[in-house]
Amino acid sequence: MSIRNQVSLIGRITKELEVKSFDNDSKVLNFSIAVDDSYLNKTTGEEVKRSYFINCVARNKMAEHIDKNYKKGYQIAITGKLTSRSYENNGQTVYVSEVEIATTDILLRREVEIKS
């Protein structure tokens, strides 16, 4: 049996997108999505809702595709792999975990307004 590093998530893009270009013609897009979750509180019997904010990274053509076709608030389905990296900031090591995106799909282009 082969074990793969694969992540599939559905969430909403949390901020405006901006692709960064580099001298070697590579492109990177860093953004985050809000993923909703809920569980049943065994003591009270009430449903507890919470959101997780997941860091995502897209490179080159995928970065261009997401920047061109998606906006803040869009609901997006992504698949990719979980990666981690570290860097130094003011003498401190900062560790980052993120999903490196392989595929995407738009689920909703905008928030649905509910009128009473």
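**Entry 1: Asn60**

I looked up Asn60 and found that it counts as partly exposed, because its relative accessibility is 36% and the partly exposed class runs between 20% and 50%. The model I am reading is a predicted one. Asn60 lies in helix H1, which covers residues 60-69. I then checked its backbone: phi of Asn60 is near 50°, a positive value in a residue other than glycine. I noted this since most residues other than glycine have a negative phi.

**Entry 2: Asp25**

I looked up another residue with a positive phi. Asp25 has a phi of about 70° although it is not a glycine. Where does Asp25 lie? I found Asp25 in the loop between strand E2 (20-21) and E3. Asp25 counts as exposed, at 65% relative accessibility.

**Entry 3: the whole chain**

I listed the elements next. The chain has one helix and six strands, and from the N terminus on they run β-β-β-β-α-β-β. The radius of gyration of the chain is 17 Å, well over the 13 Å that the globule rule gives for 116 residues, so the chain is more spread out than a compact globule. I also read the span of the C-alpha trace along its principal axes, which is about 55 × 40 × 35 Å.

Buried residues make up 28% of the 116 residues. The chain exposes about 8,900 Å², and carbon and sulfur atoms supply 46% of that area. Of the contacts with a separation of 6 or more, 59% are between residues 24 or more positions apart. For charges, I noted 18 positive and 16 negative side chains, with the centres of the two sets 3 Å apart.

**Entry 4: strand E1**

Is strand E1 largely enclosed or open? Five of the seven residues of E1 (residues 7-13) are buried, so E1 is largely enclosed by the rest of the structure. I traced its partners. E1 runs antiparallel to strand E5 (residues 75-89), and six bridges join them. E1 also pairs with strand E3 (residues 27-40) in the antiparallel sense, over two bridges. Arg12 appears in both lists: it stands opposite Gln75 in E5, and its bridge partner in E3 is Ala34.

**Entry 5: strands E3 and E4**

I followed E3 to its pairing with strand E4 (residues 47-59), which is antiparallel and has 13 bridges. One pair I looked up is Asn30 with Val57, its bridge partner in E4. The hairpin of E3 and E4 has six residues between the strands, and Gly45 in that hairpin takes a positive phi near 80°.

Leu40 lies in E3. I read a relative accessible area of 58% for Leu40, so it is exposed. Leaving aside neighbours within four places in sequence, Leu40 is in contact with Gly45, Glu46 and Glu47.

**Entry 6: Glu100**

My last residue was Glu100, found in strand E6 (residues 92-108). Glu100 counts as partly exposed, with 25% relative accessibility. What does Glu100 touch, not counting residues up to four places away in sequence? I found Val57, Arg59, Thr79, Gly80, Lys81 and Thr83. I checked Lys81 further: it is 19 residues from Glu100 along the chain, and the C-alpha atoms of the two are separated by 5.4 Å. Val57, touched by Glu100, is also the residue I had recorded as the bridge partner of Asn30.

Methods. Residues numbered from 1 in each chain as written. Heavy atoms only, no water. Helix = DSSP H or I, 4+ residues; strand = E, 2+ residues; numbered from the N terminus. Rg over C-alpha atoms; globule rule 2.2 N^0.38 Å. Buried < 20%, exposed > 50% of the residue type's maximum accessible area, 1.4 Å probe, protein only. Contact = heavy atoms within 4.5 Å. Areas by Shrake-Rupley, 256 points an atom, 1.4 Å probe, with all protein chains shown as cover. Lys, Arg positive; Asp, Glu negative; His and termini not counted. Charge placed at Lys NZ, Arg CZ, Asp CG, Glu CD. Pairing = 2+ DSSP bridges.
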